[in-house]
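Open the model in your viewer and keep the selection panel at hand. The stops below go through the metal sites and then through some of the cysteine pairs.

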Amino acid sequence: MARKHVGRDFLWIVACALTGYGCIVEGEYLEDLVSTGPNLGISAIAASCGDGLRHAEEGCDDGNTAPGDGCDTSCQVELCWKCEEVIPGARSACGAQCDAAAGESCVMGTCVSCADGTQNGDETGVDCGGSCSNTCAQGDTCGADGDCATGFCSGGVCCNEACGAACVRCDLQGSVGVCAYVPENETHEDHACGGGTSVCDGKGACKKVTGQACAMGIECLGGKCLGGLCQ
Ligand SMILES: [Ca+2]
Ligand SMILES: [Ca+2]
Ligand SMILES: [Ca+2]
């Protein structure tokens, strides 16, 4: 076998003994050589994407430059596809890795489904929420009411009720999924209780702290409004 390297790396003049189907030169299968002689092939081949030969700089070459079939316009393997050649360097055959019949889709290069036992894709819980038809159970994480079997997503948790009052929340430790009172003297900034002027009273209401302007004692955590200020 003789080989002469001409110019840049992807242009070669090649001579090699024919295998009957082409030549293999340094691991690359050169099918163009078949037609050039009964026992000796001589050919000048400019490597290109879409020529049906996977060259070293190509992740695949399926003989075209069309995308969507596993090997893209620049001869790189597309996400969630696998491309192989029977002979290294020959034409690539590509197959999709995701099983569409089993509900799998490709997300960021990974096959995901609503039945794979893993939280993936846009699921808010394991195989639930997001674009899955399954809704998540009470206490599971969520992004919208529609993610939850209960129909209520509050504070990122599937809740037993809407839980929208000032000093209740559904994600308190020990009662996740159940709308419960925020403990006394704690704040709930998401529900506009806090900011140094008010705190929760432990019974679901937001009250003003000492020194804040008031009209009635019921506004104040201490229960007293004297001289226009909470005591
Ligand atoms: Ca090629
Ligand atoms: Ca292609
Ligand atoms: Ca899943």
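Begin with ligand 2, a calcium ion whose donor residues follow the sequence spacing D-x1-N-x1-A-x2-D-x1-C. This is a predicted model, in which local features need pLDDT of at least 70 and side-chain atom pairs count only at pLDDT 80 or more, while totals for chains, interfaces and linings use all residues. Residues are numbered from 1 along each chain as its sequence is written, chains are lettered from A and ligands numbered from 1 in the order in which they are written, and side-chain values use heavy atoms, with hydrogens and water left out.

Now display the protein atoms around ligand 2: the donors (N, O and S atoms within 2.8 Å of the metal, or 3.2 Å for Na, K and Ca, with water not among the atoms, so sites may look incomplete) are Asp62 (OD, twice), Asn64 (OD1), Ala66 (O), Asp69 (OD, twice) and Cys71 (O), at 2.3 to 3.0 Å from the ion. Colour by relative accessible area, where buried means under 20%, exposed over 50% and partly exposed in between (1.4 Å probe, protein chains only); aspartate 62 is buried at 13%, whereas alanine 66, at 35%, is partly exposed.

Move next to the calcium ion that is ligand 1, for which Ser48 (O), Asp51 (OD), Leu53 (O), His55 (ND1), Glu58 (OE, twice) and Asp61 (OD) serve as protein donors, 2.3 to 2.6 Å away. The spacing of these residues in sequence is S-x2-D-x1-L-x1-H-x2-E-x2-D, and both glutamate 58 and aspartate 61 are buried.

Then select the cysteines: counting as a disulfide each pair of cysteine sulfur atoms within 2.5 Å, the model has 15 disulfides.

Take cysteine 83 and cysteine 94, whose sulfur atoms lie 2.1 Å apart; the torsion about their S-S bond is about 110°, so this disulfide is right-handed. Strands here are DSSP runs of E with at least two residues, and helices runs of H or I with at least four, numbered from the N terminus. Cysteine 83 lies in strand S6 (residues 81-84) and cysteine 94 in strand S7 (residues 93-96), so the pair ties together parts eleven residues apart in sequence. Cysteine 83 is buried at 14%, while cysteine 94 is partly exposed at 24%.

Finish with cysteine 167 and cysteine 200, a disulfide with its sulfur atoms 2.0 Å apart and, at -80° about the S-S bond, left-handed. This pair links distant parts of the chain, with cysteine 167 in the loop between S11 and strand S12 (168-169) and cysteine 200 in strand S14 (residues 198-200), 33 residues apart.
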